[in-house]
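Biologist: Please take a close look at one part of this predicted model, a single residue in a helix, and then describe the surroundings in which it is set.

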Amino acid sequence: MKEITEKSGRVVENIKIRENIFILKIESNEKISAKPGQFVMIRTSRAGTKDPLLKRPFAVFDLEGRVLSVLFKVIGRGTYLMSMLKKGDIIEFAGPFGNSFPLPEGKAIFVSGGSGIASLNFLGKKISRKTGIKLYYGIKNSDEAVPLSLLSFKPSEYLITTEDGSSGKKGLVTDFIKIEKGTYYLAGPLNMIREFYRKFKINAYASMEERMACGIGVCMGCGIMTEDGYKRVCVDGPVFSLSQIKWED
Amino acid sequence: MGRLKVKIGALLLSPPIMPASGTFGYGDEVEKFFDYRDIGAIVTKGLSLKSRKGNRMPRIIETPSGMINAIGLENIGVERFIKEKIPFYRKIKKPVIVNIFGESLDEFIQITEKLNEFKEVSGFEINISCPNVDKGGVEFSKTPGVVKTLIKEVRKRTKKFITVKISPDSDYISISRICEEEGADAITAINTIRAMEIDIQSRTSKISRTFGGLSGPAIKPIALRIVYEISKLVSIPVIGVGGISSWEDAVQFFIAGASAIQIGTYFFVNNNIFKEVKSGLDEFLKKERISLQNLIGSFKPSILPDR
């Protein structure tokens, strides 16, 4: 039996949690299963139209039965159209695709920058019963904060940082990390991930981002330079260990 | 689906629908979900003698109803291809057309010679039209004399199917004539159209090179026009490609003169596009009571004078 990649569903809820940040819940018509770290490709054009053309990749924020959630920030045309979706609207998507986060050894420590929480939330949900999770949550300012009450797990400890000091500690999230025993999981801007590795020189798992066209490993659009040459973020990732990545490139 | 058969040279395409090079990897990447009965042949990503790393990121940018790419022919090289991909082709029993690329005539000759001995390779698509590399690619097309020698030399070394993928940014009229003269079995038209997008803040390109290749529905009317022009000009078959995103688009290409078609960018958008085009085309032929052979090139130009 061949897998089915193309799926469709209906919008259950499109929650505006901040000026530009939404949690979109989709009830899939097809059965769906996902592992933490995986992503879906969402078509943002209206049915029967071809613009915006390409599907957009979004981390699986949560999955309950057939109800899939993604957390997104309005950035361009595609996410703007997504922000307009209403309950009952039909939506087409593909996936979930990609590899997933390995399980932690001991405590799990999440380092989230910007919208990075979108890909760590589902992992948190899957492991929080078995292990404590410390969450470092870095954002530009308090307008970007996703309330912890909207997460699908409860961190055992957390630290919020903002670049302008409007909430929590003032500075970059990497300024406040105290290295301890456990497994580190990173998601967020490339600069944050790079800075973490430069500063602490310890291995961690990071969810990487790159522009994607296909999401299925055929277009070679989403390369990331590793010690073994370019890897595809969509199928070889999106989760990579920091030691795999060639940072000077 | 008996209606959907086309013979081009020694190659039987059933259906005459293929993926466009560079949008289907080597074909094995999609095995988990793809039904290979929906295509008449696999067309591989551009293959060179030695592996190529390709261009830096970002390699892609979306544009209105299209996208620009500058992948730069990242590929595994012919040796790994033989070791890792040929066994897969043996298993799926579909014709395989290898898109070949070289920076020099000699590289084209060596790839052809290395692959010619494999029965799993049904033919070659000679890439003289990639816009995203510094040497070879569309640069070849600037000198029709060079293209002539290239096709002649590849033809000497293989009896297998040869199609030449041409660029809309070249003198494709002269090149199409040369393809026919030098014994190519077909012409694949068109490759992507050279294009650019500028970031207005940094005033730099939105991709890692100044130019990339535009593909997707945005280029379909241009591709259709060129397929029409070339199929009027030469007697060898034309494989139509460029922005096809529905079975209706495919029908337009057949009417314009294409004997087979390829679908590229839209496979990214809809993984089921081959199945949808295949069944849509089949239904259309049934309804219109016309054979595919009679549909091909059946365009009716306006008989009224322009005014």
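Modeller: A helix here is a DSSP run of H or I that covers at least four residues, and a strand is a run of E that covers at least two; both are numbered from the N terminus. In this predicted model, the residue I have chosen, A:Lys199, belongs to helix H3 of chain A, which spans residues 190-200. A:Lys199 has 12 other C-beta atoms within 10 Å, and because a residue counts as exposed when that number is 12 or fewer, A:Lys199 is classed as exposed. Further along the chain by 37 residues stands A:Asp236, whose C-alpha atom is separated from that of A:Lys199 by 26 Å.

The wider setting is chain A and its domains. The assignment divides chain A into domain 1, residues 6-97, and domain 2, residues 108-207. Taken over C-alpha atoms, the centres of domain 1 and domain 2 of chain A are 23 Å apart. Across the boundary in chain A, 15 residues of domain 1 are in contact with 14 residues of domain 2. On the domain 1 side of that contact, four strands of chain A supply at least two residues each: S1 (6-18), S2 (21-28), S5 (62-64) and S6 (67-73). The greatest contribution to this side is made by S6(A), with 3 residues. By class, the domain 1 side that touches domain 2 in chain A comprises 10 nonpolar, 1 polar and 4 charged residues.

Three of the strands just named also pair with one another. S1(A) and S2(A) run antiparallel and are joined by 8 bridges; the pair forms a hairpin with 2 residues between the strands. Within this pairing, A:Arg10 has A:Glu27 in S2(A) as its bridge partner. S2(A) is also joined to S6(A), again antiparallel, by 7 bridges, and A:Leu24 has A:Val70 in S6(A) as its bridge partner.

A:Val70 leads from the strands to the core. The largest nonpolar core has 163 residues, and those touching the most other members are A:Val40, A:Val70, B:Ile187, B:Ala189, B:Val227, B:Ile261 and B:Ile263. Helix H7 of chain B, residues 220-233, gives the most to this core, with 6 residues. From chain A, domain 1 and domain 2 each provide at least three residues to this core. The general background is that nonpolar side chains tend to be buried together in soluble globular proteins. One of the core residues, B:Ile263, touches B:Ile17, B:Pro19, B:Ala20, B:Ile244, B:Ile273, B:Phe274 and B:Val277, when residues up to four places away in sequence are not counted.

In chain B, an open sheet of 8 strands pairs in parallel, in the order S3-S16-S15-S10-S9-S8-S7-S4. Strands S3 (17-19) and S4 (42-43) of chain B are at the edges with a single partner strand each, so one side of each has no neighbour in the sheet. Inside this order, S15 (residues 238-241) and S16 (residues 258-263) of chain B run parallel and are joined by 4 bridges. B:Gly240 is opposite B:Ile261 in S16(B). Helix H6 of chain B, residues 172-181, packs on the sheet, where it touches strands S9 (161-166) and S10 (186-189) of chain B; the direction of H6 makes about 175 degrees with that of S9(B).

The two chains meet through 25 residues of chain A, in contact with 30 residues of chain B. The chain A side of this contact divides into 12 nonpolar, 5 polar and 8 charged residues.

Some backbone details in the loops complete the account. The peptide bond from A:Gly237 to A:Pro238 is cis, with omega near 10 degrees, and A:Pro238 is placed in the loop between strands S15 (229-232) and S16 (239-241) of chain A. In chain B, the bond from B:Met57 to B:Pro58 is likewise cis, with omega near -10 degrees; B:Pro58 is in the loop between S4 and strand S5 (60-63) of chain B. B:Lys93, although not a glycine, has a positive phi of about 50 degrees, and its place is in the loop between helix H2 (86-92) and strand S7 (96-100) of chain B. B:Lys93 is exposed, with 8 other C-beta atoms within 10 Å. B:Arg203, also not a glycine, has a positive phi of about 55 degrees. The loop between strands S12 (198-199) and S13 (204-205) of chain B holds B:Arg203, which is exposed, with 7 other C-beta atoms within 10 Å.

Notes. Residues are numbered from 1 along each chain as its sequence is written. Chains are lettered from A and ligands numbered from 1 in the order in which they are written. This is a predicted model: local features need pLDDT of at least 70, side-chain atom pairs count only at pLDDT 80 or more; totals for chains, interfaces and linings use all residues. Two strands pair if DSSP finds at least two bridges between them. Two residues are in contact if their C-beta atoms, placed from the backbone, lie within 7 Å. Axes are lines fitted to C-alpha atoms, for helices over the stretch in contact, and angles run from 0 to 180 degrees between N-to-C directions. Ala, Val, Leu, Ile, Met, Phe, Trp, Tyr, Cys and Pro count as nonpolar, Asp, Glu, Lys and Arg as charged, and the others, Gly among them, as polar. Domain bounds come from an automatic or database domain assignment. A residue is buried if 20 or more other C-beta atoms lie within 10 Å of its own, exposed if 12 or fewer, and partly exposed in between; C-beta atoms are placed from the backbone. A nonpolar core is a set of buried Ala, Val, Leu, Ile, Met, Phe, Trp, Tyr and Cys residues joined through C-beta atoms within 7 Å.
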